[in-house]
Amino acid sequence: MASFSRSDTLNLLSKITLRRFWNTALVLSSYYVSKWSKKPIQWGYPISVGFEPTTSCNLRCPECPSGLRSFTRPTGMLGDSIFKKTIDEISKDLLYLIFYFQGEPYLNPNFLDMVKYASDKGVYTATSTNAHYLTEANARKTVESGLDRLIISIDGTTQETYEQYRVGGDLEKVIEGTRNIIKMKKELKASKPAVYFQFLVVKPNEHQIDDIKILAKEIGVDQVLFKTAQVYDYENGNPLIPTIDRYSRYRKNKEGQFEIKSNLENHCWRLWNNPVITWDGLIVPCCFDKDAEHQLGDLKTATFHEIWNHKTYKDFRGSVLASRKNIDICTNCSEGAKVWA
(Lines give C-alpha, C1' and ligand atoms only; values in the text may rest on other atoms or scores of the structure.)
Protein backbone atom coordinates (compact mmCIF):
# COMPACT_ATOMS: atom_id res chain seq x y z
CA MET A 1 0.00 0.00 0.00
CA ALA A 2 0.97 3.60 -0.38
CA SER A 3 2.37 5.83 2.38
CA PHE A 4 -0.02 7.42 4.87
CA SER A 5 -0.11 10.65 6.81
CA ARG A 6 -0.68 10.33 10.58
CA SER A 7 -4.40 11.20 10.48
CA ASP A 8 -4.89 8.99 7.43
CA THR A 9 -3.19 6.09 9.23
CA LEU A 10 -5.51 6.49 12.22
CA ASN A 11 -8.49 6.55 9.86
CA LEU A 12 -7.33 3.33 8.17
CA LEU A 13 -6.82 1.63 11.53
CA SER A 14 -10.35 2.58 12.53
CA LYS A 15 -11.63 0.36 9.69
CA ILE A 16 -10.07 -2.79 11.17
CA THR A 17 -12.58 -5.24 12.59
CA LEU A 18 -11.76 -8.54 14.27
CA ARG A 19 -12.69 -10.35 11.06
CA ARG A 20 -10.49 -8.10 8.90
CA PHE A 21 -7.61 -8.50 11.35
CA TRP A 22 -7.91 -12.29 11.23
CA ASN A 23 -8.17 -12.24 7.44
CA THR A 24 -4.99 -10.11 7.22
CA ALA A 25 -3.17 -12.60 9.45
CA LEU A 26 -4.29 -15.47 7.21
CA VAL A 27 -3.19 -13.76 4.00
CA LEU A 28 0.21 -12.73 5.39
CA SER A 29 0.82 -16.21 6.78
CA SER A 30 -0.05 -17.95 3.53
CA TYR A 31 2.17 -15.58 1.55
CA TYR A 32 5.23 -16.27 3.70
CA VAL A 33 4.55 -20.00 3.82
CA SER A 34 4.32 -19.93 0.00
CA LYS A 35 7.64 -18.07 -0.28
CA TRP A 36 9.30 -20.62 1.99
CA SER A 37 7.74 -23.77 0.50
CA LYS A 38 7.63 -22.58 -3.14
CA LYS A 39 4.06 -23.89 -3.25
CA PRO A 40 1.04 -21.63 -3.95
CA ILE A 41 -0.82 -21.72 -0.64
CA GLN A 42 -3.65 -19.22 -0.18
CA TRP A 43 -5.51 -18.55 3.05
CA GLY A 44 -8.06 -15.80 3.46
CA TYR A 45 -9.22 -13.19 0.95
CA PRO A 46 -7.62 -9.99 -0.35
CA ILE A 47 -6.88 -7.20 2.11
CA SER A 48 -6.86 -4.76 -0.81
CA VAL A 49 -8.68 -4.75 -4.17
CA GLY A 50 -8.55 -2.43 -7.17
CA PHE A 51 -11.69 -1.58 -9.16
CA GLU A 52 -11.57 0.13 -12.54
CA PRO A 53 -14.33 2.79 -12.83
CA THR A 54 -13.61 3.38 -16.53
CA THR A 55 -11.01 3.10 -19.28
CA SER A 56 -11.89 6.56 -20.61
CA CYS A 57 -9.56 9.50 -20.06
CA ASN A 58 -9.46 13.15 -21.07
CA LEU A 59 -5.63 13.25 -21.26
CA ARG A 60 -3.10 11.62 -23.56
CA CYS A 61 -0.14 10.73 -21.35
CA PRO A 62 2.63 9.06 -23.38
CA GLU A 63 3.17 5.91 -21.27
CA CYS A 64 -0.50 5.17 -20.52
CA PRO A 65 -2.78 2.83 -22.54
CA SER A 66 -5.76 5.07 -21.75
CA GLY A 67 -3.93 8.16 -22.95
CA LEU A 68 -2.60 6.42 -26.04
CA ARG A 69 -5.99 4.81 -26.77
CA SER A 70 -4.03 1.58 -27.29
CA PHE A 71 -6.18 -1.04 -25.54
CA THR A 72 -6.92 -4.28 -27.32
CA ARG A 73 -9.47 -5.20 -24.63
CA PRO A 74 -12.98 -3.70 -24.65
CA THR A 75 -13.35 -0.26 -23.12
CA GLY A 76 -16.24 1.09 -21.08
CA MET A 77 -17.67 2.06 -17.68
CA LEU A 78 -18.05 -0.01 -14.51
CA GLY A 79 -21.71 -0.70 -13.78
CA ASP A 80 -23.53 -1.00 -10.46
CA SER A 81 -24.46 -4.66 -10.76
CA ILE A 82 -20.96 -6.18 -10.86
CA PHE A 83 -19.63 -3.68 -8.36
CA LYS A 84 -22.34 -4.03 -5.72
CA LYS A 85 -22.53 -7.81 -6.02
CA THR A 86 -18.78 -8.11 -5.47
CA ILE A 87 -18.63 -5.59 -2.62
CA ASP A 88 -21.50 -7.38 -0.89
CA GLU A 89 -19.49 -10.59 -1.14
CA ILE A 90 -16.06 -9.39 -0.01
CA SER A 91 -16.55 -6.25 2.13
CA LYS A 92 -16.44 -8.00 5.52
CA ASP A 93 -12.87 -9.18 4.82
CA LEU A 94 -11.76 -6.25 2.67
CA LEU A 95 -9.89 -3.36 4.28
CA TYR A 96 -8.71 -1.17 1.38
CA LEU A 97 -10.41 -0.43 -1.94
CA ILE A 98 -8.68 1.61 -4.66
CA PHE A 99 -10.98 2.95 -7.36
CA TYR A 100 -8.41 3.09 -10.09
CA PHE A 101 -6.74 1.00 -12.76
CA GLN A 102 -6.85 2.79 -16.10
CA GLY A 103 -8.82 5.89 -17.10
CA GLU A 104 -10.14 8.90 -15.16
CA PRO A 105 -12.59 7.77 -12.44
CA TYR A 106 -14.66 10.98 -12.44
CA LEU A 107 -15.74 10.30 -16.04
CA ASN A 108 -17.96 7.51 -14.70
CA PRO A 109 -21.18 9.31 -13.66
CA ASN A 110 -21.87 6.71 -10.93
CA PHE A 111 -18.35 6.73 -9.52
CA LEU A 112 -19.04 8.63 -6.29
CA ASP A 113 -22.20 6.60 -5.64
CA MET A 114 -20.00 3.49 -5.72
CA VAL A 115 -17.54 5.12 -3.33
CA LYS A 116 -20.39 5.80 -0.90
CA TYR A 117 -21.66 2.24 -1.22
CA ALA A 118 -18.27 0.81 -0.19
CA SER A 119 -17.69 3.50 2.46
CA ASP A 120 -21.02 2.72 4.07
CA LYS A 121 -19.77 -0.86 4.56
CA GLY A 122 -16.74 0.39 6.48
CA VAL A 123 -14.20 -0.19 3.71
CA TYR A 124 -11.33 2.31 3.37
CA THR A 125 -11.73 3.88 -0.07
CA ALA A 126 -9.18 5.66 -2.24
CA THR A 127 -8.93 6.95 -5.79
CA SER A 128 -6.44 8.58 -8.14
CA THR A 129 -7.50 11.43 -10.42
CA ASN A 130 -6.06 14.03 -12.78
CA ALA A 131 -8.37 16.53 -10.98
CA HIS A 132 -9.82 18.15 -14.11
CA TYR A 133 -13.39 17.38 -12.95
CA LEU A 134 -13.19 18.54 -9.33
CA THR A 135 -15.76 21.30 -9.67
CA GLU A 136 -17.28 22.68 -6.46
CA ALA A 137 -20.26 20.35 -6.94
CA ASN A 138 -18.06 17.28 -7.46
CA ALA A 139 -15.82 18.32 -4.57
CA ARG A 140 -18.85 18.48 -2.26
CA LYS A 141 -20.13 15.11 -3.45
CA THR A 142 -16.62 13.63 -3.03
CA VAL A 143 -16.46 14.70 0.61
CA GLU A 144 -20.04 13.53 1.21
CA SER A 145 -19.30 10.13 -0.37
CA GLY A 146 -17.00 9.23 2.52
CA LEU A 147 -13.92 8.83 0.30
CA ASP A 148 -10.91 8.32 2.58
CA ARG A 149 -8.01 9.17 0.27
CA LEU A 150 -7.81 11.36 -2.83
CA ILE A 151 -4.61 11.09 -4.87
CA ILE A 152 -4.17 13.96 -7.33
CA SER A 153 -1.71 13.46 -10.18
CA ILE A 154 0.27 16.66 -10.66
CA ASP A 155 3.51 16.19 -12.58
CA GLY A 156 4.77 19.77 -12.74
CA THR A 157 4.43 23.17 -11.08
CA THR A 158 4.31 25.15 -14.34
CA GLN A 159 2.07 24.53 -17.33
CA GLU A 160 5.08 24.10 -19.62
CA THR A 161 6.53 21.30 -17.49
CA TYR A 162 3.20 19.73 -16.52
CA GLU A 163 1.96 19.29 -20.09
CA GLN A 164 5.13 17.51 -21.23
CA TYR A 165 3.77 14.37 -19.59
CA ARG A 166 0.11 15.24 -18.91
CA VAL A 167 -0.57 15.92 -22.57
CA GLY A 168 -3.77 17.91 -23.02
CA GLY A 169 -3.91 18.80 -19.34
CA ASP A 170 -4.45 22.17 -17.69
CA LEU A 171 -2.43 22.75 -14.52
CA GLU A 172 -4.70 25.57 -13.38
CA LYS A 173 -7.67 23.18 -13.40
CA VAL A 174 -5.71 20.74 -11.25
CA ILE A 175 -4.84 23.43 -8.71
CA GLU A 176 -8.39 24.80 -8.74
CA GLY A 177 -9.82 21.31 -8.23
CA THR A 178 -7.47 20.69 -5.32
CA ARG A 179 -8.47 23.99 -3.71
CA ASN A 180 -12.15 23.03 -4.17
CA ILE A 181 -11.63 19.81 -2.20
CA ILE A 182 -9.75 21.59 0.61
CA LYS A 183 -12.44 24.29 0.72
CA MET A 184 -15.29 21.77 0.80
CA LYS A 185 -13.68 19.78 3.62
CA LYS A 186 -13.60 22.98 5.68
CA GLU A 187 -17.17 23.92 4.79
CA LEU A 188 -18.48 20.49 5.71
CA LYS A 189 -16.14 20.23 8.72
CA ALA A 190 -14.86 16.91 7.37
CA SER A 191 -11.51 15.26 8.06
CA LYS A 192 -11.71 13.18 4.87
CA PRO A 193 -10.56 12.60 2.24
CA ALA A 194 -6.85 12.89 2.98
CA VAL A 195 -5.50 14.79 -0.04
CA TYR A 196 -2.24 13.70 -1.63
CA PHE A 197 -0.28 15.12 -4.53
CA GLN A 198 1.32 12.37 -6.62
CA PHE A 199 4.31 13.52 -8.63
CA LEU A 200 5.44 11.09 -11.32
CA VAL A 201 9.15 11.84 -11.57
CA VAL A 202 10.42 11.99 -15.16
CA LYS A 203 13.39 13.81 -16.62
CA PRO A 204 11.36 16.85 -17.83
CA ASN A 205 10.02 17.58 -14.32
CA GLU A 206 12.69 16.36 -11.91
CA HIS A 207 13.93 19.93 -11.41
CA GLN A 208 10.58 20.79 -9.78
CA ILE A 209 10.67 18.22 -6.95
CA ASP A 210 11.24 20.91 -4.31
CA ASP A 211 8.70 23.22 -5.95
CA ILE A 212 5.89 20.67 -5.68
CA LYS A 213 6.49 20.35 -1.94
CA ILE A 214 6.15 24.13 -1.58
CA LEU A 215 2.96 24.22 -3.69
CA ALA A 216 1.42 21.37 -1.70
CA LYS A 217 2.09 23.15 1.59
CA GLU A 218 0.68 26.41 0.24
CA ILE A 219 -2.59 24.77 -0.88
CA GLY A 220 -2.98 22.60 2.23
CA VAL A 221 -2.36 19.16 0.73
CA ASP A 222 -1.65 16.49 3.36
CA GLN A 223 1.32 14.85 1.70
CA VAL A 224 3.34 14.51 -1.50
CA LEU A 225 4.02 11.10 -3.05
CA PHE A 226 6.87 10.79 -5.52
CA LYS A 227 6.28 7.92 -7.93
CA THR A 228 8.81 6.31 -10.23
CA ALA A 229 7.75 6.09 -13.86
CA GLN A 230 7.21 2.88 -15.80
CA VAL A 231 8.72 3.32 -19.26
CA TYR A 232 8.00 0.77 -21.97
CA ASP A 233 10.97 1.30 -24.31
CA TYR A 234 13.78 1.74 -21.81
CA GLU A 235 16.62 -0.57 -22.97
CA ASN A 236 18.33 2.01 -25.20
CA GLY A 237 17.38 4.96 -23.02
CA ASN A 238 14.26 7.09 -23.02
CA PRO A 239 13.83 10.86 -22.64
CA LEU A 240 11.48 10.24 -19.70
CA ILE A 241 14.01 8.34 -17.54
CA PRO A 242 15.09 10.71 -14.74
CA THR A 243 18.74 11.43 -14.06
CA ILE A 244 18.19 11.27 -10.28
CA ASP A 245 18.83 7.62 -9.47
CA ARG A 246 16.50 7.51 -6.47
CA TYR A 247 13.51 8.24 -8.69
CA SER A 248 14.37 5.88 -11.53
CA ARG A 249 13.27 2.27 -11.94
CA TYR A 250 16.16 1.72 -14.33
CA ARG A 251 19.96 1.63 -14.30
CA LYS A 252 22.67 1.28 -16.90
CA ASN A 253 24.41 -2.08 -17.12
CA LYS A 254 27.99 -2.83 -18.22
CA GLU A 255 26.92 -2.92 -21.86
CA GLY A 256 25.56 0.62 -21.60
CA GLN A 257 21.93 -0.45 -21.87
CA PHE A 258 19.23 0.29 -19.33
CA GLU A 259 17.76 -2.49 -17.21
CA ILE A 260 15.14 -2.57 -14.47
CA LYS A 261 16.57 -2.34 -10.94
CA SER A 262 14.28 -5.04 -9.55
CA ASN A 263 15.86 -8.48 -9.24
CA LEU A 264 12.48 -10.06 -10.03
CA GLU A 265 12.68 -12.60 -7.22
CA ASN A 266 10.23 -15.47 -7.42
CA HIS A 267 7.46 -14.10 -5.23
CA CYS A 268 5.00 -11.20 -5.37
CA TRP A 269 2.77 -9.94 -2.57
CA ARG A 270 0.19 -8.66 -5.06
CA LEU A 271 -0.78 -12.21 -6.07
CA TRP A 272 -1.81 -12.98 -2.49
CA ASN A 273 -3.42 -9.69 -1.66
CA ASN A 274 -4.15 -7.13 -4.35
CA PRO A 275 -6.13 -8.27 -7.44
CA VAL A 276 -7.56 -5.79 -9.93
CA ILE A 277 -11.07 -5.92 -11.35
CA THR A 278 -11.66 -4.38 -14.77
CA TRP A 279 -14.74 -2.32 -15.61
CA ASP A 280 -16.38 -5.39 -17.21
CA GLY A 281 -15.73 -7.78 -14.31
CA LEU A 282 -12.51 -9.52 -15.30
CA ILE A 283 -10.07 -10.31 -12.49
CA VAL A 284 -6.42 -9.81 -13.38
CA PRO A 285 -3.31 -10.41 -11.23
CA CYS A 286 -2.33 -6.81 -10.62
CA CYS A 287 -2.20 -3.27 -12.01
CA PHE A 288 0.69 -4.15 -14.37
CA ASP A 289 -1.65 -6.24 -16.53
CA LYS A 290 -3.06 -3.14 -18.19
CA ASP A 291 -4.54 -4.93 -21.18
CA ALA A 292 -6.01 -7.80 -19.11
CA GLU A 293 -3.94 -10.43 -20.89
CA HIS A 294 -3.84 -12.74 -17.84
CA GLN A 295 -7.51 -13.17 -17.03
CA LEU A 296 -7.99 -15.23 -13.88
CA GLY A 297 -11.76 -15.16 -13.83
CA ASP A 298 -14.94 -13.34 -14.84
CA LEU A 299 -17.36 -11.97 -12.24
CA LYS A 300 -20.17 -12.13 -14.79
CA THR A 301 -20.05 -15.94 -14.60
CA ALA A 302 -18.55 -16.74 -11.17
CA THR A 303 -18.35 -15.30 -7.67
CA PHE A 304 -15.21 -13.61 -6.39
CA HIS A 305 -14.57 -16.36 -3.86
CA GLU A 306 -14.86 -19.05 -6.54
CA ILE A 307 -12.33 -17.25 -8.73
CA TRP A 308 -9.92 -16.47 -5.87
CA ASN A 309 -9.65 -20.14 -4.90
CA HIS A 310 -9.84 -21.60 -8.43
CA LYS A 311 -7.06 -23.68 -9.99
CA THR A 312 -6.41 -20.91 -12.56
CA TYR A 313 -5.43 -18.45 -9.81
CA LYS A 314 -3.45 -21.09 -7.94
CA ASP A 315 -1.52 -22.00 -11.10
CA PHE A 316 -0.64 -18.34 -11.75
CA ARG A 317 0.66 -17.93 -8.21
CA GLY A 318 2.68 -21.09 -8.78
CA SER A 319 4.19 -19.72 -11.98
CA VAL A 320 5.35 -16.60 -10.09
CA LEU A 321 6.96 -18.78 -7.41
CA ALA A 322 8.67 -20.89 -10.12
CA SER A 323 9.97 -18.23 -12.52
CA ARG A 324 8.64 -14.70 -12.23
CA LYS A 325 11.01 -13.33 -14.88
CA ASN A 326 9.27 -15.45 -17.53
CA ILE A 327 5.92 -13.70 -17.01
CA ASP A 328 5.62 -10.74 -19.39
CA ILE A 329 3.80 -8.34 -17.05
CA CYS A 330 6.48 -8.91 -14.39
CA THR A 331 9.47 -7.93 -16.53
CA ASN A 332 8.86 -4.19 -16.12
CA CYS A 333 7.53 -4.36 -12.57
CA SER A 334 8.97 -2.50 -9.63
CA GLU A 335 7.75 -2.90 -6.07
CA GLY A 336 7.98 0.12 -3.77
CA ALA A 337 7.25 2.58 -6.55
CA LYS A 338 6.45 5.53 -4.28
CA VAL A 339 8.60 7.63 -2.02
CA TRP A 340 7.03 10.27 0.20
CA ALA A 341 7.94 13.64 1.60
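**Overall fold.** I began with the secondary structure of this predicted model and found 12 helices and 12 strands in the protein chain. I then looked up the radius of gyration, which is 20 Å and close to the 20 Å that the globule rule gives for 341 residues, so the chain is as compact as a globular protein of that length. Along the principal axes, I noted that the C-alpha trace spans about 55 × 50 × 35 Å.

**Burial and contacts.** I looked up how much of the chain is covered, and 56% of the 341 residues count as buried. The protein chain exposes about 15100 Å², of which carbon and sulfur atoms supply 53%. For contacts between residues at least 6 apart in sequence, I recorded that 69% join residues at least 24 apart.

**Nonpolar core.** I turned next to the largest nonpolar core, which has 95 residues, and noted that Phe51, Phe83, Leu97, Phe99 and Phe197 have the most contacts inside it. Strand β5, residues 194-201, gives the most to this core, with seven residues. I followed Phe51 further and, leaving aside residues up to four places away in sequence, found that Phe51 touches, among others, Leu78, Phe83, Leu97, Phe99 and Ile277.

**Aromatic rings.** I counted 14 aromatic pairs in the model. One of them, which I examined in detail, is formed by Phe99 and Phe111, whose rings lie 5.7 Å apart centre to centre with 75° between the planes, and this pair is edge-to-face. Phe99 belongs to strand β2 (residues 96-99) and Phe111 to helix α5 (residues 111-119), and the two are 12 residues apart. I checked the accessibility of both partners, and Phe99 and Phe111 are buried. I also noted that Phe99 and Phe111 belong to one aromatic cluster together with Phe51, Phe83, Tyr106 and Tyr117.

**Asp148.** My last entry concerns an acidic residue, Asp148, which I located in the loop between α6 (136-145) and β4 (149-153). Because its relative accessibility is 0%, and buried means under 20%, I entered Asp148 as buried. I looked for a polar partner and found that the side chain of Asp148 makes a polar contact with the side chain of Lys192, at 3.2 Å. Not counting residues up to four places away in sequence, I listed the residues that Asp148 touches as Asp8, Asn11, Lys15, Val123, Tyr124, Thr125, Lys192, Pro193 and Ala194. I add here that Ala194, one of these residues, lies within the range 194-201 of strand β5.

Definitions and conventions:
Residues numbered from 1 in each chain as written. Predicted model: local features only at pLDDT ≥ 70, side-chain atom pairs only at ≥ 80, totals over all residues. Heavy atoms only, no water. Helix = DSSP H or I, 4+ residues; strand = E, 2+ residues; numbered from the N terminus. Buried < 20%, exposed > 50% of the residue type's maximum accessible area, 1.4 Å probe, protein only. Polar contact = N/O pair within 3.5 Å; in protein donor to acceptor, adjacent residues only side chain to side chain. Contact = heavy atoms within 4.5 Å. Core = buried A, V, L, I, M, F, W, Y, C linked by side-chain atoms within 4.5 Å. Rg over C-alpha atoms; globule rule 2.2 N^0.38 Å. Areas by Shrake-Rupley, 256 points an atom, 1.4 Å probe, with all protein chains shown as cover. Phe/Tyr/Trp six-rings, centres within 6.5 Å; stacked < 30°, edge-to-face > 60°.
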